Amino acid sequence: MIKRGLEYKHLIKFALFIIFFTQQPAFAQSLKYNITGSYSWYPYFIDHQAEAPGMITELIPMILSLAKIEAEILDLPPKRTNNALETGQLDFDIVSPSWFVKQDLGPLFVKSTPIIKIIEYVVTLPENVSQYNDINQIKGKHIGTVRGYLYHDDKDFIRADFTSEQELVKALDKHRVDAIIAGNYPVLYWSTQLGIPVALAAVHSDGDLVFRLRKEHVNLLPAINQAIATLRANGKIDEIVKKYTQTLAS
């Protein structure tokens, strides 16, 4: 009886050991990501500024740390980022479903809860704003876009790709294009920095930034969502957004 009792205790301990480790979060699992599909995405990603690297650059490590997920940053050129996600070289990125046709991220991905709001506009010079107050006015026209960026309706217009929002604003000033598509914060920042007045015309997309996570990592989504909720509840997300946008007019 004593021997059987000891064997039973060992079995119970072993079972508890298995349950404990199989139910723990995937602390050791490492996700690979690229910060942005652009060389500069102010104020979401700001290259070569360690103390103020951008809203998304700051928030991603906070979210992953709270979710107890390790991560590795791969430095890929913008045009390779989307393909790397499709093939599994990258595990997630930060996007807005509003950038996709019918807000569909595709069968390979799941999305997190919203992180921060993001709005894109058709932007032009002040004297041309009446020509683009209706989103349908971009149809069939050459519109300035950022190489590697996603646009839900880019079959409706002719893309004129540039490397960044900074170059888009310069292109407007040089009359290389009459209108561009850009987020309100990036375009207002570069307008101020370059001393080039711009006007926000029709809204092009209105949504939220989320994690676009490959489906094989769906088990990590509850932890990511909880981390986002925690940062929203303790005011950290609002604090970071204010840090980068309080000097920009909306």
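**Helix H6, its surroundings and the charged side chains**

The buried residues of helix H6 are covered by elements that include helix H2 (55-66), strand S4 (109-111), strand S9 (199-214) and helix H7 (236-245). The model described here is a predicted one, and its protein chain holds 7 helices and 9 strands. Of the 250 residues of the protein chain, 46% count as buried. Among the contacts in the protein chain with a separation of 6 or more, 72% are accounted for by residues 24 or more positions apart.

Helix H6 comprises 13 residues (residues 221-233), which at 1.5 Å a residue should span 18 Å, and the end C-alpha atoms of the helix are indeed 18 Å apart, so that the expected and the computed values agree. Within H6, the residues Leu221, Ile224, Ala227, Ile228 and Leu231 are buried. These residues cover an arc of only 125° around the axis, and they therefore lie on the same side of H6. The other side of the helix carries Pro222, Gln226 and Ala233, which are exposed. Just after H6, Gly235 adopts a positive phi of about 85°.

Backbone geometry was examined next. Most residues other than glycine have a negative phi, and most peptide bonds are trans. Against this background, the peptide bond from Tyr42 to Pro43 is cis, with omega near 0°, and Pro43 is placed in the loop between strand S1 (30-33) and H2. A positive phi in a residue other than glycine is found at Lys68, where the value is near 60°; Lys68 belongs to the loop between H2 and strand S2 (70-73). With a relative accessibility of 47%, Lys68 counts as partly exposed, because the class of exposed residues begins over 50%. Lys102, likewise not a glycine, has a positive phi of about 55° and is located in the loop between strand S3 (92-95) and S4. The relative accessibility of Lys102 is 80%, and this residue therefore counts as exposed.

Among the charged side chains, the count of salt bridges comes to 9. In one of these, the side chains of Lys243 and Glu58 meet at 2.7 Å, N to O. This pair links distant parts of the chain, since Lys243 is in helix H7 whereas Glu58 is in helix H2, 185 residues apart. The partners fall into separate accessibility classes: Lys243, at 42% relative accessibility, counts as partly exposed, while Glu58, at 17% relative accessibility, counts as buried. Both H2 and H7 are included in what covers the buried residues of H6, and the bridge between Lys243 and Glu58 thus joins two elements of that cover.

A further group of charged residues is formed by Asp154, Arg159 and Asp161, which are linked in a network of salt bridges. The side chain of Arg159 meets that of Asp154 at 3.1 Å, N to O, and the side chains of Asp161 and Arg159 also meet in a salt bridge, with a distance of 3.1 Å, N to O. Each member of the network is partly exposed: Arg159 has a relative accessible area of 27%, Asp154 has a relative accessible area of 26%, and Asp161 counts as partly exposed at 32% relative accessibility.

The acidic residue Glu165 presents another arrangement. Glu165 is placed in helix H4 (residues 165-173) and is buried, yet has no salt bridge. The nearest side chain of opposite charge is that of Arg159, which is 10 Å away, whereas a salt bridge requires a side-chain nitrogen of Lys or Arg within 4 Å of a carboxyl oxygen. Arg159 itself takes part in the network with Asp154 and Asp161. The side chain of Glu165 does, however, make a polar contact with the side chain of Tyr149, at 2.9 Å.

Technical notes. Residues numbered from 1 in each chain as written. Predicted model: local features only at pLDDT ≥ 70, side-chain atom pairs only at ≥ 80, totals over all residues. Heavy atoms only, no water. Helix = DSSP H or I, 4+ residues; strand = E, 2+ residues; numbered from the N terminus. Buried < 20%, exposed > 50% of the residue type's maximum accessible area, 1.4 Å probe, protein only. Lys, Arg positive; Asp, Glu negative; His and termini not counted. Polar contact = N/O pair within 3.5 Å; in protein donor to acceptor, adjacent residues only side chain to side chain. Expected span 1.5 Å × (residues − 1). Arc of directions from axis to C-beta. Contact = heavy atoms within 4.5 Å.
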